[in-house]
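Reader: I am in my first year and would like to look closely at one single part of this protein. Could you take me through it slowly, and tell me how it sits among its surroundings?

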Amino acid sequence: HTPPPDVPEQLFDELTSREREVLELIAQGKTNSEIAALLNLSPKTVSNNISNVLMKVHAADRAKLMLMALEAGMGKVDKRL
């Protein structure tokens, strides 16, 4: 069996479903404008969501946030689709 991820899923428990969506897309390497287009949001809203996520998970910056999300198993794109 696989070892548990370095970052526990629970770390993201306090995120709203929208913040999780945004985080998932960050983990996939999407830019703010791509995220805005995909979720039908303004870039400002996406930026606010990212700021909230950074604060909630105590990540220093977007790069660290992306790393944490990937370590928690987020951002995997299903290649079979």
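**A close look at helix H3**

Author: The face of H3 turned away from its buried side carries Lys44 and Met55, both of them exposed; please keep in mind throughout that this is a predicted model. The protein as a whole has 4 helices and 0 strands, and along the sequence these follow the pattern α-α-α-α. Helix H3 takes up residues 43-57, and because a helix should advance 1.5 Å a residue, these 15 residues should span 21 Å, which agrees with the 21 Å that separates the C-alpha atoms at its ends.

Turning now to the other side, the buried residues of H3 are Val46, Asn49, Ile50, Val53, Leu54 and Val57. They cover an arc of only 140° around the axis, and therefore they lie on the same side of H3. What covers these buried residues includes helix H1 (17-27) and helix H2 (32-39), together with helix H4 (62-71). After H3 comes His58, a residue whose phi is positive, near 55°.

To set this helix in its wider context, the protein has 81 residues, of which 31% are buried. Of the contacts between residues at least 6 apart in sequence, 60% join residues that are at least 24 apart. The protein exposes about 5,300 Å², and 57% of that area is supplied by carbon and sulfur atoms.

Terms used. Residues are numbered from 1 along each chain as its sequence is written. This is a predicted model: local features need pLDDT of at least 70, side-chain atom pairs count only at pLDDT 80 or more; totals for chains, interfaces and linings use all residues. Side-chain values use heavy atoms; hydrogens and water are left out. Helices (H or I, at least four residues) and strands (E, at least two) are DSSP runs, numbered from the N terminus. The expected span of a helix is 1.5 Å times one less than its number of residues. Buried means under 20% relative accessible area, exposed over 50%, partly exposed in between (1.4 Å probe, protein chains only). The arc is that of the directions from the helix axis to the C-beta atoms. Contact means heavy atoms within 4.5 Å. Accessible areas come from the Shrake-Rupley method with a 1.4 Å probe; for residues, only the protein chains shown count as cover.
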